[in-house]
Every structure is written in structure tokens, then in C-alpha cells.
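I opened this entry to record what two interfaces are made of. The notes below follow the order in which I looked things up.

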Amino acid sequence: MNARVSRRHILRTGAAGATLVLGFGLYQMRPASAEASSAGLALFAPNAFIRIDSEDRISLVIDKCEVGQGVYTSLSMLLAEELDVGLDQVAIEPAPPDEQLYADPILHLQATGNSTSVRSSWMELRRAGAAARQMLIAAAAAEWRVDPSRCRTERASVLDNGTQRRLGYGSLAATAAQQPVPQNPRLKQPEQFKLIGKSPLRVDLPGKVDGTAQYGIDVRLPGMLFATVASSPTFGGKLDSLDDSPTRSIKGVHHVVTIRAQEFDVGGYKLHLDDAVAVVAENTWAAQQGLAALEPAWDRGPNQHLGMDDIVHALEAASERGGLVARHEGDVDKALSTAATRLEARNYMPFLAHAAMEPLSCVADVRGDNCEIWTATQVQARAQEIAAQLAGLPPEKVTVHNLFSGGAFGRRLELDGVALAVAISKQVGAPVKLVFTREQDIRHDLYRPFYHDRLRAGLDANGKLLAWHHRIVGSSIFARWAPQAMRSDGLDPDAVDGAIQMPYAFPNLLVEYVREEPPAIPTAFWRGVGDTHNAWVIESFVDEIAAVAKQDPIQFRRGLLSHAPRALAVINLAAEKSRWDKILPPRSGRGIALAYVFDTYLATVVEVTLSDAGLVTLQRVVCAVDCGSIVHPDTAIAQIEGGTLFGLSAALWNEVTLRNGRVEQSNFNDYRTIRIDETPEVEVHLVPSRETPGGLGETGTVAAAPALTNAIFAASGYRVRQLPIIKSIEGLKRRA
Amino acid sequence: MARLQINGATHEVDVPDDMPLLWVLRDVIGLTGTKFGCGIAQCGACTAHVDGKAVRTCVTRLGTVADRVVMTIEGIGATPHGRALQNAWLMIQVPQCGYCQPGQIMSAAALLSEIESPSDAQIDAAMAGNICRCCTYVRIRKAIKLAVSSQATAKRT
Amino acid sequence: MKRTLSLMAAFALFVGLVLSAAAADVRSDLVQRGEYLTRAADCVSCHTAPDGKQFAGARAFKLPFGTLYSPNITPDANTGIGQWSDDDFVRAMHEGIGKDGQRLYPAFPYPSYTLLSRDDVLAIKAYLFSLEPVANAPPHNHLTFPFNMRWLMVLWDWLYNPGQRFEVDASRSHEWNRGAYLVEGLGHCGECHTPRNLLYGLDPHKRFAGAVMAGWHAYNITPDRTTGIGGWSEVDLARYLSTGDSPHGAAAGPMAEAVDNSLRYLSRDDVGAMVTYLRTIPPQTSNVPAAHLEGAGNAPISASRLPPADELNRLHASAGVRIFAAACTGCHGWDGRGLAGTRDLNDPEATNLVQVVLKGFHLSAARGRLNMPGFGAGYADRELADLVNYVTGRFGAKAATLQADDLAKRRSEGD
Ligand code: FES
Ligand code: FES
């Protein structure tokens, strides 16, 4: 054990007495960073830990945020499996902020996102469980003076096969802690799994059906006040003047707080907050009433005439520029010049809000030289850092309590809510719960970028694809969110994600990226990140090429996948389960899309009917998934079901538009979201596999939009090139 | 001072008559199972029962519910429909983030107390006001049907 | 009128000579009265652009013959009315002639304001001049020929501007006279509620019979029992005027604005006077049946029963019932509370219902605020047409039969 762990050890050792604290190199694949080495952590940078105390309490610290993806359960299962404890015997503790200990090996940050949770924990959590189990066995064997091979474990006890003696893990904790940490503990073979691959009741569900689950928005503290906030209606506007007397006369209103525009930099992550006003009151209603009475006068600032046309024209102009080369194989121009048929397409994808069901919220208590925050964040360490900057305190004076999140979809990778709550609490000197109104949540989100894509392809006389050219134009999220992840020449790897590692074999290929930032409007990750955008564009164009080549969309894809057996397998499974060959009535159609993202293969078939007026009815969705080894199959299915519908919903209706520098949408009346009566049957078929696990949280979303627009093409012959689909309604009407 | 009957207990609150029941429950009384999602009766996250009917508490003023019987997610488990639905929700593993689910269960419970065995179209019609951003709708449908059949079985035996 | 003027002059002299020390107070009395009158005349609605500063103008008015922008009436010297003399201002209000002599267009209701007394007009001016000047030059008007010929307005004024001050009818009560002054003059109710002829003049034979303008139907407000407000109680009328809400339905669109910006600030007596006067105008019939209150379940919570399964299956083919279930039942229930029998639902054209569904409405004056979100941005024309057809059929006098194209057209109306 090293210094770091023993610090934790001390922290965790309380009145309960002897505690086995097992730190483990959760993410050893990651090369040790310089700071880590200087702290003596080079080889053993513990990242999460098991705690077993002498009272049989077994805790697992979970570094990921439970946003509904079931991570509390699946990560616990990995541990419990190898430790040989029941899921019911494990308690979960959300990890404290610690960028060193909990950096995700894929994201290089303490973060929940990019569908990495199970992917990055699969081996390491199991190793941790197995190592602890081995140490516990060694401790029991020593006590009984028998050979460890005579011992086995079950439900948190070590048993002596010879005598049937039994010792609980708790009673072994102290002596187990003295055992050397096995560096290569033996893991179970899949045949031995008792938990992994089963679907026990998720640990977070009982509280979620009886109302006791605690979300960030549910925190209540003694003396806590309630705040609501309105930011400058135009991006970059300034607060001119404020008459707060009508507000102050409302019963229950305590404070009217002004927050001035501010820039933050947290280890490269940049956040801009516009001027804002907040009302702090005895309850949310009084605060909202107070805000409504406030009518602040805003100087609408430099973007007051900004509209969508300006933004789209700028992207179109930028699309004429050559881009940074993301991938180049063969000679695209030459191949195109020899092609018998050439195709071109321009696609447009709108800004999108996240609209998680729980509006952004954060409780902050800044008093004296202490700051405590309660929220649901996907980036705990950054939350701590930004709170520290605002409170004017060192980070270790900031405690972050991470709670359940009522959806995230990337929204909680941002810290505007935390920053505002801390700023308000600091000004009023009391614990404050800030809850965004839905209007603030949608109008002052950070948005999935607007993308403009241009594609070209060439076919030979036999309909064989010769060349593929894809130019992506849009803003860079990484440049703001994690500039260290940018390629040195300014290529944003997220913007081209899914566009450079397609499973298809294209003979001549060029993928380019042109960065073009819209004025003022902040852009951010959204469920499916870069892939949702690229998968739609690519799968639409592949479909279009197949149509020009007069080939069945699935048959055409098969021709490009001979070297990719897993991709082929999901396509074939989806074709079979969707009864792809069965003829549909007129104005109905099926569309397919293939996604290879987050190490998962997914083929989705969507079946639609179009009304004469051009309205789309979703009839059926069939997904075939190969996500490698699966920890909790039912959760895997749920993620694909939900993710797919989430993507279909956005594709059908969602866009965020600007007019006069402000967002036009405000709530679920104009930011429409799919409802139960619009939901089709969704079937998810899992391909059995022992490969390393792939990500699932966002995968379904990625394939949804292209499968849908391809189905619409099959039903109507109309190619949707602009999302949301509702904008194409004229084109989708039945033509006389 | 308004007097409220919530989940069988009496509460007295000293807040304006026009405060929506949602904030009375969450901020004043501390029953946070009822959720805020939109504030304009579009999402259903705030659904509770007043006299057995599902209402959107975000647009239901306190003044209109005094002396009526209010039931929230915290109390619904004590009713046969509520219990059956909560069990079915667990069996089917419906929730993802779970934030919308109290509202979903309350809408479903009101549906079952009105129509013992609803048709598919009635389930859709009764549940269409409840948004789930995680899109657990497929499972919500299944769970309602399971609750209906489990109650039917319970009745027969 | 002459008498009033000389009294006024005498009063001014008195103030000037004797009470110069208290001038500020007297001025603020005048300004205060001006503020009340400015509100009663609802100047702010037209002279404020969405998101713009109050009274700084530039709100666009789409009229059949082009687009007009309201002028800036803050005391800014260059872009507002800072250089206007009293006479300039009075001439504009009474005759529709601007400072530089140009004819104003009757989107500005000077044919109503012409009834106001000179001292009321000057009180309004005093209030406007007490405001912070705002530099804001509204865009130029875009009018089609021949309406871009301002001189033609001479003819129009001759036809349609009575050009007379209000005259007290001694045979009527003081209250009635006050009501008439408010309804006909300050409130300029006829500007919306009286239909216009081809030349945009108010039709003298159909006073207050209801009219459609900018996509909204300003209903018949004559005492006709079947299509006017004859069936409303005094209490309901007064409540409607001062809050926008009533058992007969709530105000939306321009009427909600009129309530929020103007009517809710009127004294009880003034509202009562308006009701008294409205009761006496000659009844007119129109094509929208008035609200039927019987069976209009307006209780905040009522037994809200789902339609039977077979009815739902039958209705499911149209988007109407589905959208109603999803977006409307949260407030209106399945029994249509707040909807049943209201004029919006009874109108076979569903004029206001369509606008409300598209844009929603907001009433600050009502207790605890009254809001409805608009659904225009999230839903297709066909879906909203189905919705409107469904709700008028279920809760109104007769189902509307709107098509998607009708919705598309209505979207472009109003502002
Ligand atoms: S919060 Fe009440 S319906 Fe959304
Ligand atoms: S479970 Fe997340 S919103 Fe429904």
C-alpha cells in the first residue's frame, strides 16, 4: 500500500475500528502522469477503492455519476462478482472529487461520458475484487493455519472446505489488510460468473419508484433558501438596470442578486457566464414570482441581430475552404474523375438542447472558509475547482456531494449551474438551492453544435463505390472543453468521430474538418457526441449511394463489410428480426443504419408510415447489438431502447434556433419530445459475445436518426437532408 | 393558514393561496418525491392525486386543494394499485434516471382507479401527458399491463 | 370646451404666480394623472417593440396595405417627440397630423383620441415627457401604392375622423358619460371591435359587432344575448376587464395585452363605468355564439374521465385527440375545463383558438397569472388543424374543419 491509500485509510478509519482499504490501479493502462510519479504513485495510482470494515460493511466508491445508465449497479456487479459478495451486501459511495485518483483512462479526466463507464472499469474493478478476495482468503487461512487452497468464499464469508468453518469478511478485515496485495489476482472464467450476465434488480430502482431517491434537486438543508435565475436573454447581453422594488415586496423574497459576466478556466476547460439576475427566497415559488416581477432592462449587446441565416451562411461559406485532413487514403479526386456516376450532398444538423428531465440544479453553501455543494455532475473534480475559484478558497475546502441525476445527456459535463449556485450563496451568505426554470434550462443551455456537412462520392459503371469525400463544418467542442485533446494542428477529434473509423471499406477516402464557430452561442457535448452527427450524415449518404447503384440498402452495405464480421453479423441479425424482405404497403418503409461506436456494433432498422400530409408515424424499431461482454443485459437493452427513442425524438422535432440573438425555444411545448403514444415497439437483440465490453449509453442514439430518415426515403423517395424532419414536411406530403 | 390532507396526514401551511401545490409539497412540506420538470403542465413529472384524480401540481393552486385529499408518490404504495404498480415497475426495471417515474406511477395509478383494465389506446391517452426523457415508454406500457394482470390474479385467488 | 380651456389657463396662472415653490408637486400630480390616462389609452402596447424599451416605438404592424412601425414617443429630441410643443401633440392626438405636418396613418387611433379633452391630452404629454428619453429610430414604413401617398389621408380623415371632442350627454348619468369617454375615446375599443370597410374606416352601422384583425377576432361586445355579451353578469364583465379572466373564458392575444397593459390599471369606478356604457350600446348580431356556461366544468379539479376505448381507437387516426391527451389535458382535463362553451371554441373559424394554440397567451393581471404555452413551433400544421377540429367538436358549438393550409395562413397573420 502506498501513501495515497493510507491517506484514504486514515480518512476512512473511524470508530468502527479496523478497516481494510484496498486501493487499486483501476486504470493502469494509463501511462503515469508526471505529477503522479512525483507523488510516488507511478505504478499504483489508486482510482477507486473497496472498503470492508469490521462490521461487515462493504462499500464501493463509484467514480461515475448515476445518470440513469445503471452504473451503480453494473460497477457494483463487477466488484461483487469477483469479491464473491451479494449485490445486496455492497453499499455504494459516490466518489469525492479527485482528478488524479479517478481520471477515466479514455477521457483522461474524472468524468462520466462518452459511454466509457463499463469499458474503462471492466477488468480493473474485477481485478480489485479478486485481489481483495485473495487477501481475505489468505487472512482466514492464516487464522485457521490451513492452506489457502482449502478455502472458498461465498456471500462475504470465507469457508474452510475441510471443517466447514466460516469467517465473515468483516472479521477478517484487519488481518487481510496486512496481506500483500496480489499483483495478478486470478479472475473468474465467464462460466463461473454468478452475477455478470444476469440482470438483478438495479440497486437504484427501489428509491426511484417510491419517491425516496435523492436527486440534486431534492437536497434540503437547515436554513436553506431557494433561488431562480435569468441570464441575459441575448448571448453576450449586459444588464442595464434593475428595479427590484416590486420583487422585494413579494412575500418570501429575501434577496435580489446580480451576477456579472465571467470567464472561467479550469485546467483548460473554459466556461463563460453571461450577466444574470437571481431571486433568492423562502421557496421556489416566491423566487419565481420575484423573478417574473423583476423585468430587468438588458442591453442586448453585440448579438442582438443574430439569426440562423447568419450562422448557416457562415458555415456554408466555411465549407468552401479546404479543411484539416482527418483521414486520407488513396486519391479521391482522381477516383472521382474516373467515376461513371458522381453524387453530392449537403446536410444540416441543428443546434440541440439537452432538456434532461431534471432541470439543472445545485445546492451551494459558502460560509466562512468552507464551501459545500450538492449536485449531480459528470465532472466532480472540475466542479470542485470551479466552486473553489468562485468562493475564493483552495479546492480542498470545497466538498462535493454527487447525487442522482435526473438525466444528463452531456449537460452535466458543464458547470454553469454549479458556478451560479456558488456565486449566489456567496453573495447571500446562506445555503442556497438554485433550480433552473425549464425556460432557463433550454434558453441558456450549451448546445450540440450546428453542423454542415458536404459529401461527394463516385461509383463505377457497375455501381461499385470508388471514392468517398466528407467535409465536416462546425464548431469545436474540445477546443473549449478539453483543449489538450485537440490534435496539434487544430483538428477536433470529436468532430470527426465516427467519420474516420467507419466499418466500411472505402477504396479512396478523404475526411476533412473545417472549424467554424458561431458567434456567442456556446456548444457542448450531447448524447452520442460526434458520432450522432457523423452517423446520420454517413449512413444517409451510404443509403443514397445504394439507391443510385440500384441496390438494396442492406445488400449494398454487406458488400462494404466483408472484412468486418461483427458489423456484418449485426446487420444480418437486424435484417432477419425486422423481416427486412417483407413487402410493406405504400407510404411505408424501412430504413437501416449501422453504427460502430464506443467499441459497440449496432444495426437499427426503423419502420415508418407517412400520412398524406407528410406526418411520420413510427411503426417499429429493431436493434441488433454486439457490445462484447455484457454486465447487466437488461440494462444494456434499456439503454439501447431509450437511446434509440431519444435519437428518434430529436430527429423528428428538435432544433434550437436563434432570433435576434436569443434562443426561440423555451419548454416542452416548443422543444417537443416523444411521448408514449408516439412510441413504437422497440426490439433489442443482443449478440452473445466475450469480447471486451463496448459502450451503450449513447450508442442507440447514434443509429436512430439515419435509420429513420432512410426509412422515410424508402416510404416516400424523399431524402431528408436537414434535421429536424418536421421541417421537411412539404417534401413528405403525398404528391398528386 | 391552509390545511392540507396529504397521504393521510394533516399539514398546515402558511403560504399564499396561489402557490402551486408542487412547491408547497417540495419546498414547504419537504415531500420531494413529486418532481419539477416544466412548470407548465407539459411533462407530468409533478403529478399527484387530488381526490383520487391525477393533477399536475405545478399548475394546481394551493387554494383549490384545501380540504381535499392529496396523495403523492410517497403515499401511493399504501394503496393496492400503487403497490401493484411499484412492484411491476421493479419487475420490469422501468426507470433509468428515474426522475419522471413518480409522475408516471401517479398517472398510472389514477388510470387504474378509473379503468380497471385499460386498453392500449387508453393507456396511451392517460400516459401521454408524462414525458420521459430517458424514453422508458416501452417498459412503462409493459409494467402497467403487468400491474393490471397481477391485480386481476390477486383478485381471483 | 372653451370654458374648460379658460379655466385651465386660469389655473395655470394661479399655479405660476402663487405656488411656484410647490410646482414640483403639482407637476407630479399632472404627471400622475397623465400616467393613468396613458395607461387607459394603452399607448405602451403599440409604442413598444417586443424586447424594446417602453414607448420607444418600432413595433411592427402588418396591415392589409403594408407594414407600419410605431414611432418613438419618449422625449428624445432627435428620434422621439422631445421637440414637440403642446399644440403639436394635441394636433397629432386630435387630427392625426404629425409635427412636420405629415398625415399619420390610422393604425394610430386618433379617430378615437380625438374625443379626448385638451387637458387630458396634455396630461398624457406631461407624463410622456417625464420619462427617460430613449434614442431609437424605428424603421421606415413599407406601404403599397396608393397607401404610401400620405396626402390621401386628408380624404380619409374627412370621411372617418369625426374631429370632435367628447360631449357630455346630459340625459345620462355621470357614470354612463365617463364610461362612454373611456370606451369610445381613451380605450378606443371600437378600433378593434368594430369591423372596418375597404378603406380601413370603422363601419358606423356595425359598431362593436366584432371584427377580425391581424389574425385575432375581437368579439361582439354589444348587449346581444346570443352573440354578444348580453348574457354576462356585471361582475363577470368587470372581472374580465380588470383581470382578463372570466367564467366565459380568458382574454388572449391583443385583448390580453390590453388588459395587462391598460385595463387592469383602471379604477373600479372606471371599469364599472365602462360596463355601464357597454350595456347601452345598440345590440348587433355576429357569427360567433356567445359562451354557454351550462356544463362548462370550470371547477379547478373535476372528474376527468378518459374517453371510452372504442372512441379513442376511432379518434386515433387524427392527431387531434393524441395531441390533446399529451399537451392539453394537463390543464384542461378530458372534460375541457376552461374551454367548454367559450367563444373561442364556438367560433366556426376558430380564429382565436388557432392563435392561442399557435402562440399561447399570458395574463399578468389574473390572480397568480394565467398562462398558456404556444404550440406553433413544435407541431405541424396538420397536427394543429386536427387538434383544433377535435376540441371545437368536443367542447364548442360545432367542429371546425380546418386544413393544414389554413393553419399555415394563420401562422403568418398577426405578429
Ligand atoms: S412540472 Fe408539472 S407538468 Fe411538468
Ligand atoms: S427515467 Fe429518466 S426521465 Fe424518465
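I looked up the pair Asp240(A) and Lys53(C) in this predicted model and found a salt bridge, with 3.8 Å between the closest N and O atoms. I noted that the pair falls inside the 4 Å limit of the rule. Across the interface of chain A and chain C, I counted 3 salt bridges by that rule and 4 residue pairs in polar contact, both residues at pLDDT 80 or more.

I then asked which element gives the most to the side of chain A that touches chain C. I found helix H8 (residues 284-294) of chain A, with 3 residues. By class, I recorded 7 nonpolar, 2 polar and 9 charged residues on this side of chain A.

For the extent of the interface, I noted 18 residues of chain A in contact with 15 residues of chain C. I recorded a buried area of about 1,600 Å² between the two chains, 50% of it on carbon and sulfur atoms.

I turned next to chain A itself, where the domain assignment gives domain 1 (10-210), domain 2 (216-302 + 360-435) and domain 3 (308-352 + 447-732). I noted 38 Å between the C-alpha centres of domain 1 and domain 3 of chain A. Between these two domains I recorded about 1,600 Å² of buried area, with 62% from carbon and sulfur atoms.

Here I found 1 salt bridge and 5 residue pairs in polar contact, both residues at pLDDT 80 or more. On the domain 1 side that touches domain 3 in chain A, H3(A) gives the largest share, 4 residues. I classed that side as 9 nonpolar, 10 polar and 4 charged residues.

Conventions
Residues are numbered from 1 along each chain as its sequence is written. Chains are lettered from A and ligands numbered from 1 in the order in which they are written. This is a predicted model: local features need pLDDT of at least 70, side-chain atom pairs count only at pLDDT 80 or more; totals for chains, interfaces and linings use all residues. Side-chain values use heavy atoms; hydrogens and water are left out. Contact means heavy atoms within 4.5 Å. Buried area is the accessible area (1.4 Å probe) that two parts lose on being put together, summed over both. A salt bridge is a side-chain nitrogen of Lys or Arg within 4 Å of a carboxyl oxygen of Asp or Glu. A polar contact is a pair of N or O atoms within 3.5 Å; within protein, one must be able to donate a hydrogen and the other to accept it, and residues adjacent in sequence count only if both atoms are side-chain atoms. Helices (H or I, at least four residues) and strands (E, at least two) are DSSP runs, numbered from the N terminus. Ala, Val, Leu, Ile, Met, Phe, Trp, Tyr, Cys and Pro count as nonpolar, Asp, Glu, Lys and Arg as charged, and the others, Gly among them, as polar. Domain bounds come from an automatic or database domain assignment.
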